[in-house]
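This briefing goes through selected local features of one model, grouped by topic. Please keep the sequence and the structure at hand while reading.

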Amino acid sequence: MDYMDSGMRYTPKSDKDWDTSVQFLPASDTKKLEKKKGPGKIGAVIGVVIFAAVVALMTGLLVWHFHFRKDVRVKQMYSGSMRITNQVFEDAYEDSSSVEFKALAKQVTSQLKAIYSKTPQLAKYYVGSTVQAFSEGSVIAYYLSEFSVPKGQEAAVNSAISSMDKLVDKNQRSGNSPGNSLVFDDVVSSALDSRLLKKTFSEFYRYTEHTKSDHIGTITSPGFPNKPYPSNTVVQWQLRADPGYVIKLDFDTFNLEENCKNDFVKIYDSLVAIESRVMEEICGYYSPSDPLTFLSSRNVMLVTLVTNEKKNFPGLRAHVSQVRRGGKGTTCGGQLTGKKGNFTSPNYPNYYPPNIFCEWKIEVPADKVVKVTFKKFLLSEPGQENSATCKKDYVEINGKRLCGEKPDGTVTETSSTNKISVLFYADASYVDRGFTAEFVAIDSKDPCPKQFQCNNQRCISSNLKCDGWNDCGDMSDEMNCKCKSTDINCKNGLCKPMFWQCDGVNDCGDNSDELNCGCKSGELGCQNGKCVSEKKRCDGRDDCGDGSDELNCARVSDVTCSDVTYKCKNNKCISKVNPECDGTADCEDGSDEANCECGRNLFKTSRIVGGQEAEEGEFPWQVSLHVKGYGHVCGASIISPRWLVTAAHCVQDDGKTRYSQPGTWEAYMGLHIQRQNGKNVAKRNVKQVISHPYYNAYTFDNDIALMELDSPVTYSDYIRPICVPSPQHVFPPGNSVWITGWGATREGGYAAPVLQKAQVRIINSTVCDRLMGGQITSRMMCAGVLSGGIDACQGDSGGPLSSPSSGGHTFLAGVVSWGDGCARRNKPGIYSTVTKFRGWIKEKTGV
Ligand code: 4AZ
């Protein structure tokens, strides 16, 4: 640490300290000094040297302290725009090399200097300004101003700049500007995004594009489509349209690094990067099938791409066109009449433009009232995450302001008369996809004709009342119910499907579905649902018909082998349920406790409702299977250092890709966030793909495959195998299991960058088969939450259905296979039953 930096200062203790040091050298007595030999003279010389050194050091420190240290300066850049009201736009202003541009720019910069000179904090530190562009209306100037600010003074300069509009007013009102000076209004100014000022940038590209009605422009990242975009680069595209038009920016390719801290695109409703005019910051991957279109509020737009030194991706391509202001997507509001109708925010389902206000006046027949339901509602913006006040973009209805993101169909408002008005306001920064809404005329006395009205005003089909599912969202459809004969009559008044009784899960909420379980007193409940006399338990005979009355008997070992008994390595059978890796050696040869270095993780999993991000290392057997050059396609599970289990449907060739070939794939183990291959990640090529020989591509029967890695992985805290269950392992309905993957987070939605986990329950196969229209074979098992909302989805296929056991090991109960959409009500996820393939797995892999 340096002396000054340590915060210490040299302070003489007293005058005496100084005196002592000078006494060494009575300068007037030089002769005496010369004559005197020995230690006295040497001491004097040392004293002089030390004194001189101290003086020099002190002087140096003082000079440094008072001159340089105070002057540690930081470069602060501000961007801004202002309207020049007393000028008329000329075409030449579009060309920064034109004489006209330069002349007007000179005037703007000299007036900016005069404005800054009125504020001491700004005048002192001002370095200079450059005009970046002009646009129509009268003339709008876009500029960058540089300040060299002493460290610690940045906030004062920021605050002075944020009141630029007042500075401009003051300057103009003071009347001391010459008669031919420019008149400014609509001044906006803010600090430049510091990420644009990094010293490590090696390239800076700037492009301009003026779209016309007969010319659609295209912008592409450098290198696109032949190579990834370059590192440490800033690209700016200044986009213009004709006056009276707005810009439509339509991405057909968007593939950037997932982490916006590294590479990002920022879109501005401006020609310079003014933070208060940011429309959106985006990164990651957007599917070409999902539209990504932005509209500006005027005839200019700025797109910036910033990349860092790490990881480069294919990049972007977007089309730039112009839309007449007032044309499609740029306006909203109006009069809506009739008995029902729909309306949306402008440009829905794409991003609405900034700076927009509109009002829908809805009127229904006089004897009715209006009910408005928002089917989608996406009005999120930084700074307004959980805002109750909705100061930025909002919808106003019935005097209530709504903003943020709301679950589909959950926002409903009803008028008190036959009229209602809906306002929509978007401020100048950050846009979102908006909303789609429906209005219907309803009878105030009968607001849900032939339907049930929830407490939150939603109407649901009457036959959904008291069916055990929370259809209203506020449980009001499940209160005060008279249960059907096929329902459990919960003590708290709720009704739940009968097959949830005694499944080990508190479905009623008051545990009344789990009381008095089993058969009559004196009877034993078999696994197949039969009741047999308690006396028949462990009598050596299969009274249940499935052997379950002979399980867990005192005579655990050496019982007659059956479908439900566990076969030890020495071919003897034991009658204990799930004896593998439970911590007790039940087999004579201890084989039920051999090979138990599986299914363990660093972290304990907690019980959750709904999907959420997994902890790193929580599911160390989870694999991400990538198609080379494309990215994540399917999940898989590690069962040994060399072998993975996945779904057969992941490895079937299609017209374009040879998914069945090992060379197509690369496997990522220890991965947590897609495209972040940190030190915990092992990537392997694939040596062999073995699809189940009886896989049926129509029915998804036998949907299981094996992959051999080209070299074994080393186990770590983040890479470990899951236990493969024995053929007799039981995963009873009602048991909680985990689904994990990087698949879509909603049906038809985007893949998740961070590994997601969700807890679901195993569902009785008979019930599932009924729900799925008879498509469930014995090689399939069902798991999910029948009220919907939690499920595996596209991209999760091949991944594990992980079942933690009481012995602390997790077993691979299933492989994500198929489903009727994702997370739909009464449509569980379907998984390949791993126990059915135990022999085949052993045969092919030796595991
Ligand atoms: C799929 O397409 C997929 N809801 C996987 C699982 C489910 C649906 C689809 C289950 O890979």
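A search of the whole structure, which is a predicted model, finds 24 salt bridges. Some of these are described below, followed by backbone features, a buried helix face, a buried histidine and a surface patch.

**Salt bridges**

- The side chains of Asp 193 and Arg 195 meet in a salt bridge with an N to O distance of 2.9 Å.
- Arg 195 is partly exposed, because its relative accessibility is 24%; Asp 193, at 9%, counts as buried.
- Asp 193 also meets Lys 266 in a salt bridge of 2.6 Å, N to O. This pair links distant parts of the chain, 73 residues apart: Asp 193 is in the loop between strand S4 (184-191) and strand S5 (203-210), and Lys 266 is in strand S9 (residues 264-268).
- Both Asp 193 and Lys 266 are buried.
- Asp 242 and Lys 212 form another salt bridge, with their closest N and O atoms 3.1 Å apart. Asp 242 lies in the loop between S7 and strand S8 (245-255) and Lys 212 in the loop between S5 and S6, so the salt bridge ties together parts 30 residues apart in sequence.
- With 18% relative accessibility Asp 242 counts as buried, whereas Lys 212, at 36%, counts as partly exposed.
- Asp 193, Arg 195, Lys 266, Glu 275 and Glu 281 are joined into one network by salt bridges that share partners.

**Cis peptide bonds**

- Phe 224 and Pro 225 are joined by a cis peptide bond with omega of about 0°. Pro 225 is placed in the loop between strand S6 (217-220) and strand S7 (233-240).
- Tyr 348 and Pro 349 are joined by a cis peptide bond with omega of about 5°. The loop between strand S16 (340-344) and strand S17 (356-363) contains Pro 349.

**Positive phi angles**

- Asn 480, a residue other than glycine, has a positive phi near 50°. Asn 480 is in the loop between strand S26 (459-461) and strand S27 (487-489) and is exposed, with a relative accessible area of 76%.
- Asn 571 is not a glycine either, yet has a positive phi of about 70°. Its place is in the loop between strand S32 (566-567) and strand S33 (573-574), and Asn 571 is exposed at a relative accessible area of 54%.
- Gly 846, just after helix H9, takes a positive phi of about 80°.

**Buried side of helix H9**

- Helix H9 (residues 838-845) has Arg 838, Trp 840, Ile 841 and Thr 845 buried. These residues lie on the same side of H9, because they cover an arc of only 165° around the axis.
- The buried residues of H9 pack against three strands: S37 (643-646), S39 (682-691) and S40 (705-709).

**His 626**

- His 626 is part of strand S35 (residues 622-627) and is buried, with a relative accessible area of 8%.
- The side chains of His 626 and Ser 624 are joined by a polar contact of 3.1 Å.
- Beyond its neighbours within four places in sequence, His 626 is in contact with residues including His 632, Trp 665, Glu 666 and Gln 674.

**Nonpolar surface patch**

- Ile 42, Ile 46, Ile 50 and Val 54 form a nonpolar patch on the surface, and together they have about 350 Å² of accessible area.
- Val 54 is in helix H3 (residues 39-68) and counts as partly exposed at 32% relative accessibility.
- In an α-helix, residues three or four places apart point the same way, because there are 3.6 residues a turn.

Terms used
Residues are numbered from 1 along each chain as its sequence is written. Side-chain values use heavy atoms; hydrogens and water are left out. Patches are made of residues with over 30% relative accessible area and no salt bridge: like charges are joined within 9 Å, nonpolar side chains (Val, Leu, Ile, Met, Phe, Trp, Tyr) within 5 Å. Accessible areas come from the Shrake-Rupley method with a 1.4 Å probe; for residues, only the protein chains shown count as cover. A salt bridge is a side-chain nitrogen of Lys or Arg within 4 Å of a carboxyl oxygen of Asp or Glu. Helices (H or I, at least four residues) and strands (E, at least two) are DSSP runs, numbered from the N terminus. Buried means under 20% relative accessible area, exposed over 50%, partly exposed in between (1.4 Å probe, protein chains only). The arc is that of the directions from the helix axis to the C-beta atoms. Contact means heavy atoms within 4.5 Å. A polar contact is a pair of N or O atoms within 3.5 Å; within protein, one must be able to donate a hydrogen and the other to accept it, and residues adjacent in sequence count only if both atoms are side-chain atoms.
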